[in-house]
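Trainee: I would like a close look at a single part of this protein. Please take the disulfide, and then set it in its surroundings.

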Amino acid sequence: MLGKLGSLGGLLLVVAGCGEPPPPPVPPTVHTPDPGPVVPAGCLDTGVTVKSGPVEAALGHRAVVLTLTNCGTTLRTLTGYPEIRLLDKEKRPMDVAVEHGTSYMAIDPGVSAQTVQPGGTLLSVVSWSNTVTVGSPEAGAYVTVAAAKGDPEQRITVDTDLGTTGKLTLTAWNAKLKN
C-alpha cells in the first residue's frame, strides 16, 4: 500500500508543478556597437566632417543620428538630405532603398537651407525597421555619408540589422531634431 501511496504522491507533485506559471521570458539583448571612426579622419576639404551616435532601438525600429560638424573656417550652407549608402561587413554596397521622410523613430523637418557656422553642427537621422518576413535577414556594417550630392563620402561603422525590409529612411539636415 505504501508503494502505491508513494507513487501517487509523486504523481500529485508532478501534476501540482504543472499549474505553476513558467518563469518570465528573458528579454532579447540588442547589440549596439560603439560608434566607429570616421574614414577619412579629420576635416574634409569641403570643411565638414560627419560622425554617428549610438544606434537607438524601440519596438523593432532602429535609428542613428548623424552629426555634421563645420570644421572649416567659412560658413557652409546645405539644403536637403545627406547622400548615404549602406555597406556590408566586406565594405560592399548593399541593395537597399533610401527613402526621404518621417519614420517611426524621427520626424523629417523637410528641406530648407541650413547655414552652419564654423564649429556648428547639423543633424540627420537614419532609421530602419528590424522586420523579418520572407527571406533571409540582412545586416549592414557601415554607412557612407556625403554631406551633399558631389561631396566626398565618409565611412562610418554602424550596425544596421535590417531584417528583410531592405529600406532606410533619412531625414533632411537640420540644426535640431524634431519630436
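Mentor: Here is the disulfide, followed by the rest of the chain.

This is a predicted model, so local features need pLDDT of at least 70, side-chain atom pairs count only at pLDDT 80 or more, and totals for chains, interfaces and linings use all residues. Residues are numbered from 1 along each chain as its sequence is written, and side-chain values use heavy atoms, with hydrogens and water left out.

Start with the bond. A disulfide is a pair of cysteine sulfur atoms within 2.5 Å. By that rule the count is one disulfide. The partners are Cys 43 and Cys 71, with an S to S distance of 2.0 Å. The link of Cys 43 and Cys 71 is right-handed, with 90 degrees about the S-S bond. This pair connects distant parts of the chain, 28 residues apart. Cys 43 sits in the loop between helix 1 (2–18) and strand 1 (48–52). Cys 71 sits in the loop between strand 3 (61–70) and strand 4 (76–79). Helices (H or I, at least four residues) and strands (E, at least two) are DSSP runs, numbered from the N terminus.

Next, exposure. Buried means under 20% relative accessible area, exposed over 50%, and partly exposed in between (1.4 Å probe, protein chains only). Cys 43 is partly exposed because its relative accessible area is 38%. Cys 71 is also partly exposed, at 31%.

Thr 73 lies in the loop between strand 3 and strand 4. That is the loop given for Cys 71. Thr 73 has 75% relative accessibility, so it counts as exposed. Thr 73 and Val 48 are 25 residues apart in sequence, and their C-alpha atoms are 10.0 Å apart in space.

Now the wider chain. The protein has one helix and eleven strands. From the N terminus on, the order is α-β-β-β-β-β-β-β-β-β-β-β. Of the 179 residues, 38% are buried. Contact means heavy atoms within 4.5 Å. Among contacts between residues at least 6 apart in sequence, 75% join residues at least 24 apart. The protein exposes about 10,400 Å², and carbon and sulfur atoms supply 58% of that area. Accessible areas come from the Shrake-Rupley method with a 1.4 Å probe; for residues, only the protein chains shown count as cover.

Other loops deserve a look too. Leu 59 is in the loop between strand 2 (56–58) and strand 3. Leu 59 is not a glycine, yet its phi is positive, about 50 degrees. Leu 59 is exposed, with a relative accessible area of 75%. Lys 91 belongs to the loop between strand 5 and strand 6. Lys 91 is not a glycine either, and its phi is positive at about 70 degrees. Lys 91 is partly exposed, at 40%.

Asp 88 lies in the loop between strand 5 (83–87) and strand 6 (97–100). Asp 88 is buried because its relative accessible area is 13%. The side chain of Asp 88 reaches the backbone nitrogen of Glu 90 at 2.9 Å. Leaving aside neighbours within four places in sequence, Asp 88 is in contact with Met 94, Gly 140, Ala 141 and Tyr 142.

Tyr 142 brings in one further partner. The charged end of Arg 155 sits over the ring of Tyr 142, 5.6 Å from the ring centre. A charge sits over a ring if NZ of Lys or CZ of Arg is within 6 Å of the ring centre and within 35 degrees of the ring normal.

Technical notes
Polar contact = N/O pair within 3.5 Å; in protein donor to acceptor, adjacent residues only side chain to side chain.
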